Amino acid sequence: MRTIPTAVTAALACLVMGVAVTGCADGSAAEPLSADQMLDDANATMRALTSVTIDTATKVTGGDDRSSRLTTDLKGECAFKSTSATGASLEQIRFDGTDYVRPNRTYIEESGLHMVGADKQDRWVKTPASKSQPGDGLSQCTYEFASFGQVDKGEPTKVDGAPAIPLKVTDEKDGSFTFYVATEGKPYILKVVYKGDEFDTTTSFSAFDKPLDVQPPDKAKVLDMSGIG
């Protein structure tokens with residue numbers, strides 16, 4: 001019986017299992033990434049995305065809980081909807097430098113305006129995206145993938161069935177953020193949980209690099225305000 005040298009056996013094992021297996025590249029175990037390195041890699045991976053869907057749920061202490069969904073190319077094209085616990089909602093489509101905005105009846109009435117009749121509000125208002133200002137409730141289609149503070153690595157877990165590692169970032173002024181980073185495939189950020197004194201927010205990420213299908217609404221339902229103001 002032919003005896004195969006141990007070194008050859010190890011090399012064959014690496015070929016069968018894949019060269020990415022820890023310890024196969026140079027015969028020594030690779031150093032595990034630090035928590036800071038893992039989070040830096042995850043943020044860089046997310047910034048490089050061509051599209052993503054971002055779901056956010058915020059619980060306010062003694063206030064108005066709210067949620068939102070943003071599907072975006074992270075540049076200038078997106079579909080956004082925000083909803084509050086009162087039932088008020090605001091929809092937005094940003095396409096080709098134009099914002100199409102549709103508030104529902106409750107949102108309009110909570111803004112201090114009165115609507116005549118009892119029909120459902122289903123019209124979109126068309127305005128240039130350049131007129132959007134901070135605090136107007138609209139999305140800029142962007143998302144800042146960055147983090148600051150002390151980073152600590154937690155125990156492996158799963159997010160919706162996907163293996164992940166929690167990375168907790170603590171800031172004495174701003175509360176704490178826990179980033180759940182995928183440990184299989186690309187290091188996507190799957191979820192971020194923020195805990196503060198006044199509110200808690202859970203932000204979930206999905207549909208990484210999926211084809212983006214954002215289209216303007218039906219022209220028959222659009223009120224063009226682009227020439228006003």
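Is Ala207 buried, partly exposed or exposed? Select Ala207 and let's find out: with 31% relative accessibility, Ala207 counts as partly exposed. Here buried means under 20% relative accessible area, exposed means over 50%, and partly exposed is in between (1.4 Å probe, protein chains only).

Before moving on, know that this is a predicted model, where local features need pLDDT of at least 70, side-chain atom pairs count only at pLDDT 80 or more, and totals for chains, interfaces and linings use all residues. Residues are numbered from 1 along each chain as its sequence is written, and side-chain values use heavy atoms, with hydrogens and water left out.

**Stop 1: two odd backbones**

Stay on Ala207. Its phi is near 55°, a positive value in a residue other than glycine. Ala207 is found in the loop between β12 and β13 (222-224). (Helices, H or I with at least four residues, and strands, E with at least two, are DSSP runs numbered from the N terminus.)

Now jump to Leu74, in the loop between β2 and β3. Leu74 isn't a glycine either, yet has a positive phi of about 65°. Leu74 counts as buried, because its relative accessibility is 15%.

**Stop 2: the core**

Next, select Met46, Leu167, Ile189, Phe205 and Phe208. In the largest nonpolar core, which has 31 residues, these five touch the most other members. A nonpolar core is a set of buried Ala, Val, Leu, Ile, Met, Phe, Trp, Tyr and Cys residues joined through side-chain atoms within 4.5 Å. Colour α2 (35-47), β1 (52-60), β3 (78-84), β9 (162-171), β10 (175-182) and β11 (189-195), since each supplies at least two residues of this core. The largest share, 5 residues, comes from α2. In soluble globular proteins, nonpolar side chains tend to be buried together.

Zoom in on Ile189. Leaving out residues up to four places away in sequence, Ile189 touches Ala42, Asn43, Met46, Phe145, Phe179, Tyr180, Val181, Phe205 and Phe208; contact means heavy atoms within 4.5 Å. Then select Ile93, Trp124, Val214 and Val222, which are included in a second, separate core of 5 residues.

**Stop 3: β9 and its partners**

Show β9 as a cartoon. Strand β7 (residues 150-153) runs antiparallel to β9, joined by 4 bridges, and Gln150 has Thr170 as its bridge partner in β9. (Two strands pair if DSSP finds at least two bridges between them.) Strand β8 (residues 157-159) also pairs with β9 in the antiparallel sense, over 3 bridges. Follow the chain from β8 to β9 and you'll meet a hairpin with 2 residues in between, where Asp160 in the turn has a positive phi of about 50°. Now add β10, which pairs with β9 in the antiparallel sense over 8 bridges. Look for Lys168 opposite Thr178 in β10.

**Stop 4: the largest pocket**

Finally, select Ile54, Thr56, Tyr143, Thr201 and Thr203. Of the 32 residues that line the largest pocket, these lie nearest its centre. On a 1 Å grid over the protein atoms alone, a pocket is an open set of points where a 1.4 Å probe fits, with protein on both sides within 12 Å along at least five of seven lines; lining residues have an atom within 4 Å of a point. This pocket holds about 930 Å³ of space, where volume is the space filled by probe spheres set on the points, and grid points are joined across faces, edges and corners.
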